[in-house]
Amino acid sequence: MAIDSPPLTTPVAAAPRMTTRDKLILMVLCAAQFIVALDFSILNVALPVLGDDLGMGQADLQWAVTAFALPSGGFLLFFGRIADLYGRRKLFLAGLVLFTVSSALATVAWDPTTFLTGRALQGLGAAVIVPTGMSLLTTTFTEGPRRERALGISGTLMSLGFTIGMVLGGVMTDSLGWRSTMGLLAVAGVGVLLAAPGLLTESKRADRPRLDLPGAVTVTGGLLALIYALSTAAQRGFGGADVIATLVAGAALLVAFVVVESRAAEPLVSLPMLRRRTVAWGNLAGLTTFAMMSSVIFLLTLYLQEVLELSAVLTGLIFGVTGLAAALGGVTAPRIIARFGARTTLVTGLLVQAVCTAALLGLGAGQAGAWLALAGTSLGCVGHLWAIVAYGVTATSGLPDGEQGLATGLVTSSQQVGLTIGIPLLSAVASARVSVLRDAGHSFASATLGGVRVGVGVDAAVVAVVAAATWFGLRRAR
């Protein structure tokens with residue numbers, strides 16, 4: 001039987017003003033989340049140059065991304081729980097140190113092994129920073145208007161970080177070289193480290209239950225296998241033996257995780273928590289909005305540069321405008337939640353994202369397509385940010401402070417897994433259509449346009465279906 005959760009549609013009072021200390025704490029926590037989001041995309045444009053410099057073959061370049069994605073997505077739940085038990089501030093600072101040092105290592109890397117080691121350690125640091133930073137945010141800002149406002153700012157910067165990373169990556173690689181992208185992250189990490197110790201206070205559970213090691217091993221192994229399989233499939237397709245084997249292994253480990261948790265005296269993830277409609281539906285909506293919006297940005301990058309043949313600068317300007325639209329969505333989201341409730345805001349945000357993505361089916365080979373891409377993606381990003389903030393509020397509401405690390409670990413796992421699986425899945429869909437059209441004699445640009453259209457169509461349909469399911473799924477949580 002599902003566990004009912006607190007009401008999600010009751011309007012709340014306007015957010016009280018934050019103190020100067022509140023603002024500084026929020027600034028530090030959001031800055032940490034921003035640089036992690038930046039790291040997820042800043043290197044993408046630089047891969048060909050990086051490969052030439054370090055002697056990495058085309059087939060090995062995927063590891064520049066996968067080496068970061070594996071630990072950053074795989075260890076989120078584990079470190080979220082560790083933070084609950086042993087101290088969020090302590091672990092947050094340790095993650096920042098690891099992220100900063102590994103960014104410096106990646107900056108000065110002299111061969112592929114050194115670089116990939118730096119990237120993997122960056123991912124491990126990110127897996128510490130994201131859930132601990134989010135749980136520090138939700139325990140610092142009490143449930144209600146203060147938390148909604150804080151989550152709105154945090155969600156905005158997370159989305160902006162991913163978008164701005166794509167723009168900065170190209171600009172910095174062209175002007176300063178690929179190493180500057182990693183150097184920027186190291187410098188930013190030092191800045192956050194200088195400010196954080198004096199502002200953050202320790203937060204952890206009063207008791208010290210044992211760590212559920214079997215649960216930690218199975219969920220971490222399952223997520224690692226899933227992320228590896230999808231990241232590899234983006235490069236080589238889903239037919240490879242290693243992709244199939246790791247998909248099966250990942251699914252088996254996640255099933256084993258559920259069995260382990262149902263029998264554990266002190267489980268890593270409380271199954272009653274997962275049965276909360278707010279937690280389950282909120283995280284599904286969050287995973288979907290992140291996966292599908294990151295996919296749209298990827299597909300439009302192909303469209304603008306390979307179909308319309310726009311320069312990297314013009315493409316960057318278009319995404320810069322969508323970033324401003326995302327900021328608008330993040331700023332307005334708490335007010336909309338206060339007026340209409342989290343459930344309505346979440347579903348409305350998903351529907352806006354779905355409709356604006358569907359409008360991109362009208363993309364053509366003419367320059368007018370750039371304006372449609374700009375308008376559709378910008379408006380879609382507003383809905384995207386409404387959904388991000390509302391799902392964060394939904395999935396962490398009604399839970400005690402002792403479970404906030406776990407709850408925010410689930411929230412951030414949805415974000416990172418969404419960012420990881422969305423692009424490979426939609427890329428595979430678009431690539432399949434491109435291959436069919438190329439075999440039929442279409443030009444490269446025409447085939448690419450056809451692939452992009454199919455990709456955005458599937459994208460819009462997925463978001464719309466999840467929006468409807470979330471609406472009905474959360475009705476009984478009222």
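**View 1. Asp53 and its salt bridge with Arg179 in the predicted model.** Asp53 counts as partly exposed, at 43% relative accessibility. Its partner in the salt bridge is Arg179, and the closest N and O atoms of the pair are 3.3 Å apart. The two residues belong to distant parts of the chain: Asp53 lies in helix H2 (residues 47-54) and Arg179 in helix H8 (residues 179-199), 126 residues apart. Arg179 has a relative accessible area of 28% and is likewise partly exposed.

**View 2. The salt bridge between Arg119 and Asp39.** The structure holds two salt bridges, and one of them joins the side chains of Arg119 and Asp39 at 2.7 Å, N to O. This pair also links distant parts of the chain, with Arg119 in helix H6 and Asp39 in helix H1 (residues 20-41), 80 residues apart. Asp39 has a relative accessible area of 0%, so it is buried. Arg119, at 2% relative accessibility, counts as buried because the value is under 20%. Side chains of opposite charge can pair when their charged atoms come close.

**View 3. Helix H6 along its length.** H6 runs over residues 112-140 and has 29 residues. At 1.5 Å a residue it should span 42 Å, and its end C-alpha atoms are 41 Å apart, which agrees. The helix is mostly covered, with 21 of its 29 residues buried. Arg119 is in this helix and is buried.

**View 4. The crossing of helices H4 and H6.** Helix H4 comprises residues 76-86. The axes of H4 and H6 come within 8 Å and cross at roughly 55 degrees. H4 is therefore oblique to H6, as the angle is neither under 35 degrees nor in the range of 65 to 115. The crossing is right-handed.

**View 5. The surroundings of Cys381, a cysteine in no disulfide.** The count of disulfides in the structure comes to zero. For Cys381, the nearest cysteine sulfur is that of Cys356, 9.4 Å away. A disulfide needs the two sulfur atoms within 2.5 Å, so this pair does not qualify. Cys381 is buried, with a relative accessible area of 2%.

**View 6. Cys30, a buried cysteine.** The relative accessible area of Cys30 is 3%. This value is under 20%, so Cys30 counts as buried.

Note on methods. Residues are numbered from 1 along each chain as its sequence is written. This is a predicted model: local features need pLDDT of at least 70, side-chain atom pairs count only at pLDDT 80 or more; totals for chains, interfaces and linings use all residues. Side-chain values use heavy atoms; hydrogens and water are left out. Helices (H or I, at least four residues) and strands (E, at least two) are DSSP runs, numbered from the N terminus. The expected span of a helix is 1.5 Å times one less than its number of residues. Buried means under 20% relative accessible area, exposed over 50%, partly exposed in between (1.4 Å probe, protein chains only). A salt bridge is a side-chain nitrogen of Lys or Arg within 4 Å of a carboxyl oxygen of Asp or Glu. Axes are lines fitted to C-alpha atoms, for helices over the stretch in contact, and angles run from 0 to 180 degrees between N-to-C directions. Angles under 35 degrees count as roughly parallel, over 145 as roughly antiparallel, 65 to 115 as roughly perpendicular and the rest as oblique. A crossing is left-handed if the near helix is turned anticlockwise from the far one by less than a right angle, and right-handed if clockwise.
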